[in-house]
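User: I am new to reading protein models and would like to understand the words people use for them. Could you go through some with me?

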Amino acid sequence: MMSISNQHARPRLIIAGTGSGAGKTTVTLGLMKALARSGMSVQGFKCGPDYIDPTYHTAVTGRASRNLDAWMTSPEYVRNAFAKASAGHDISIIEGVMGLYDGKDPLSNTGSTAEIALVTQTPVILVVDVRSMARSAAAIVLGFQQLEPELNIAGVIVNRCGSAGHYSIVKKAIEQMCGIPVVGWLKREEDMSIPERHLGLVPAIERGELEPLFERAADVLLEGTDLDAIVAIAKAAPSIEELAISRENVSRQNSDSLWSGADLKSSGDSASGQPDEREISSYPVIAVARDAAFNFYYPDNLELLEAAGAQLKYFSPLAGEGIPSEADGIYLGGGFPEEFAALIADNVLFLEGLREAVRGDMPLFAECGGYMVLAETLTNREGLTYNMAGIIPAQVQMQAKRAALGYREARAVEDSFLLEKGDVIRGHEFHYSTMTYQEEGSIPYAYETKGLRGMKQEGYARGNVVAGYTHIHLGSHPGVAKRWVWHCLAYRLRRSGQHI
């Protein structure tokens with residue numbers, strides 16, 4: 001096993017592609033598996049707002065993969081999040097998104113893999129699909145080098161080579177013209193294609209059904225790749241000290257963005273409506289639905305809620321569980337409720353618990369899949385309709401065509417336990433369903449969202465319910481976790497007959 005020479009060393013790589021479909025996921029998973037086999041502790045990361053690839057990483061490495069996104073959060077947040085999650089591990093592998101320079105803005109690196117590479121000063125291994133080309137492969141790599149000279153493209157892996165002779169040709173061409181090593185190649189292996197990101201894939205991953213694919217990816221990678229050269233590139237990355245991530249930076253960010261447990265117990269201020277220490281019997285509990293139907297959560301969101309003073313209590317609607325009795329708030333994340341609509345519809349304890357929570361004015365936040373479950377009915381792709389919670393006067397319909405994809409800036413339409421009117425939080429949308437309200441003209445929208453196609457009204461907010469298709473990142477608005485937890489505490493105190 002590789003040893004870490006000092007606490008500031010963070011051996012790391014970004015696996016980037018020339019475009020979607022170049023093979024970066026296959027290379028990433030094969031590399032993670034191969035490194036883990038060698039005895040290394042591997043920490044996975046994903047550029048951008050993706051949930052499926054981190055699930056792959058988690059299955060391969062045995063530890064939760066993290067998202068890094070310098071558009072939804074700040075560059076400093078990304079550096080600190082990386083430093084925290086990578087600490088104590090032998091190597092970190094960051095999988096890119098789309099092509100290396102593809103992101104939110106065609107005129108800059110915003111929201112791209114390149115931005116994360118620059119923010120974290122991470123060496124890039126570029127995966128190039130070299131089907132039907134020879135010396136032209138060098139032109140592609142050279143173009144990627146010249147578009148952003150500050151980026152450290154430290155090596156290349158060529159994918160879909162026809163033969164060892166083909167590999168030899170493109171390797172010589174790239175190394176002569178670009179001055180960087182080609183550290184490996186993969187053959188044209190049709191059976192090595194990673195399954196499409198279809199609905200229901202995450203439960204299959206969690207059941208271990210893709211483990212043979214992960215093993216095969218490692219075998220194929222090792223057949224033509226110099227693993228020692230890859231590790232050497234990772235070890236040459238600058239130390240955390242060189243990234244200027246100091247204790248002072250972390251402390252300043254924490255004081256600005258997090259409400260720690262200590263703060264929760266000592267923030268009494270009657271003028272601001274904050275609870276007095278004498279009134280707090282224990283920290284508020286947020287019930288988090290977590291199973292195959294509800295599994296799209298950023299680890300950062302959960303940790304920020306805990307840092308703000310919440311206790312998280314996980315429960316499984318698919319296992320027949322209801323809302324935990326000690327809950328002071330509810331968090332329903334995204335996932336695949338349509339795949340399990342019959343089970344959810346049969347869990348009267350869960351659905352009635354949601355209705356009771358709303359009647360009691362308990363803070364309830366739901367995004368995407370959770371939002372869908374709050375509707376009156378959910379119709380799946382087979383045309384079967386199931387009764388849901390009926391909290392939102394609308395029907396959900398699955399469709400074959402994707403309904404929305406992209407970054408979102410969500411501005412609060414009215415005050416809620418989550419946001420004050422006019423506050424903006426960042427996130428993304430990705431769903432195949434549509435929500436049709438009974439009375440379109442009187443919808444209490446949660447957000448006005450801004451995306452690539454302009455502005456639109458989105459979600460639902462009434463009483464202490466905030467829900468919508470937008471997957472928010474709490475790291476994009478430092479005060480939201482604190483506000484959310486405070487309202488859960490207020491509910492707890494009201495329920496116990498105390499006052500704020």
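Analyst: Happily; the questions below are about cavities and cysteines in this predicted model.

User: Why is Cys-161 called buried?

Analyst: Buried means under 20% relative accessible area. Cys-161 has a value of 1%, so Cys-161 counts as buried.

User: And what makes Cys-368 buried or exposed?

Analyst: Use the cut-off again: under 20% is buried. Cys-368 comes to 5% relative accessibility, so Cys-368 is buried.

User: How many disulfides does the structure hold?

Analyst: The count is zero. A disulfide needs a pair of cysteine sulfur atoms within 2.5 Å, so a count of zero tells you that no pair here meets that cut-off.

User: How many cavities are there of 30 Å³ or more?

Analyst: There are two. The largest holds about 40 Å³ of space, and the second largest has a volume of about 30 Å³.

User: What lines the largest cavity?

Analyst: Its lining includes Asn-67, Leu-68, Tyr-77 and His-473. The elements giving two or more residues are β3 (66-68) and α3 (75-86), and α3 gives the most, with three.

User: What makes Asp-69, one of the residues lining the largest cavity, charged or nonpolar?

Analyst: Asp is on the list of charged types, so Asp-69 is charged. By class, this lining has four nonpolar, three polar and one charged residues.

User: Which residues line the second largest cavity?

Analyst: Among them are Cys-47, Leu-68, Asp-69, Val-97 and Tyr-407. This lining divides into six nonpolar, four polar and one charged.

Key: Residues are numbered from 1 along each chain as its sequence is written. This is a predicted model: local features need pLDDT of at least 70, side-chain atom pairs count only at pLDDT 80 or more; totals for chains, interfaces and linings use all residues. Side-chain values use heavy atoms; hydrogens and water are left out. On a 1 Å grid over the protein atoms alone, a cavity is a set of points where a 1.4 Å probe fits but cannot get out, and a pocket is an open set with protein on both sides within 12 Å along at least five of seven lines; lining residues have an atom within 4 Å of a point. Grid points are joined across faces, edges and corners, and a volume is the space filled by probe spheres set on the points. Helices (H or I, at least four residues) and strands (E, at least two) are DSSP runs, numbered from the N terminus. Buried means under 20% relative accessible area, exposed over 50%, partly exposed in between (1.4 Å probe, protein chains only).
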